[in-house]
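Open the model in your viewer and keep the selection tool at hand. Each stop below says what to pick and what to look for.

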Amino acid sequence: MKLRTYFVEDNPTIRENLIATLAELADVEAVGTAETEVDATHWLTHNADAWDLVVVDLFLRQGSGLGVVHALQARPKNQKLLVLSNYATTDVRERCQRLNADAIFDKSNEIDGLVDFCIDLNTNKV
């Protein structure tokens, strides 16, 4: 069964490449995308049964990925939230973990870790 994934990324090239990579390598199915905090938060909270995983960039066209993470911090345990950012500093990682993010990956050098996380999540999905 495919991992129903929502992508919050405002760069179309990065978003499409990420979707294609995860679909091919980790059996991920994109169920939606957003470029802003408001659009992402609205869809994810109003379609709570339609996704298993959300991948969030921190810097968006409008708003912040941290706002999305904050809005979803009380989600059910079976729904996972990953942060994927070029700014995965120690401070950012700690802040995301305090907001209940399941994992934080750096776009520039941790894509393999993101793929592995998705594969493991899909393999262990009940």
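**Stop 1: D57**

Select D57: this residue is buried, with a relative accessible area of 6%. Buried means under 20% relative accessible area, exposed means over 50%, and partly exposed lies in between (1.4 Å probe, protein chains only). A note before you go on: this is a predicted model, where local features need pLDDT of at least 70 and side-chain atom pairs count only at pLDDT 80 or more, while totals for chains, interfaces and linings use all residues. Residues are numbered from 1 along each chain as its sequence is written, and side-chain values use heavy atoms, with hydrogens and water left out.

D57 sits in the loop between β3 (53-56) and α3 (65-71). Helices (H or I, at least four residues) and strands (E, at least two) are DSSP runs, numbered from the N terminus.

Which side chain makes a polar contact with the side chain of D57? Pick K107: the two side chains make that contact at 3.1 Å. A polar contact is a pair of N or O atoms within 3.5 Å; within protein, one must be able to donate a hydrogen and the other to accept it, and residues adjacent in sequence count only if both atoms are side-chain atoms.

Now show the surroundings. Leaving aside neighbours within four places in sequence, D57 is in contact (heavy atoms within 4.5 Å) with V8, E9, D10, G65, L84, S85 and K107.

**Stop 2: strand β1**

V8 leads to the next selection. Its bridge partner in β3 is V56. Color β1 (3-8). Of its 6 residues, 5 are buried, so β1 is largely enclosed by the rest of the structure.

Add β3: 4 bridges join β1 to this strand, and the two run parallel. Strands pair if DSSP finds at least two bridges between them. Then add β2, which pairs with β1 in the parallel sense over 6 bridges. To find one of these bridges, select L3 and its partner in β2, V28.

Follow the chain from β1 through α1 to β2: this β-α-β crossover is right-handed. That is, with the strands pointing away from the viewer, the path from the first strand over the helix to the second runs clockwise.

**Stop 3: salt bridges**

How many salt bridges are there? The count is 9, taking a salt bridge as a side-chain nitrogen of Lys or Arg within 4 Å of a carboxyl oxygen of Asp or Glu. Visit three of them.

Select D27 and K2. Their side chains meet in a salt bridge, 2.8 Å from N to O. The pair links distant parts of the chain, 25 residues apart: D27 is in the loop between α1 (12-26) and β2 (28-34), and K2 is in the segment before β1. D27 is partly exposed at 32%; K2 is also partly exposed, at 40%.

Move to R15 and E35. This salt bridge spans 3.2 Å, N to O. R15 is in helix α1, and E35 is in the loop between β2 and α2 (37-46), 20 residues apart. R15 is buried at 9%, whereas E35 is partly exposed at 23%. Add E16 and R61 to the selection: R15, E16, E35 and R61 are linked in a network of salt bridges.

Finish with D102 and R75. The closest N and O atoms of this salt bridge are 2.7 Å apart. D102 is in the loop between α4 (90-98) and β5 (103-106), and R75 is in the loop between α3 and β4 (80-85), 27 residues apart. Buried or partly exposed: which is R75? R75 is buried, with a relative accessible area of 10%. D102 counts as partly exposed at 31%.
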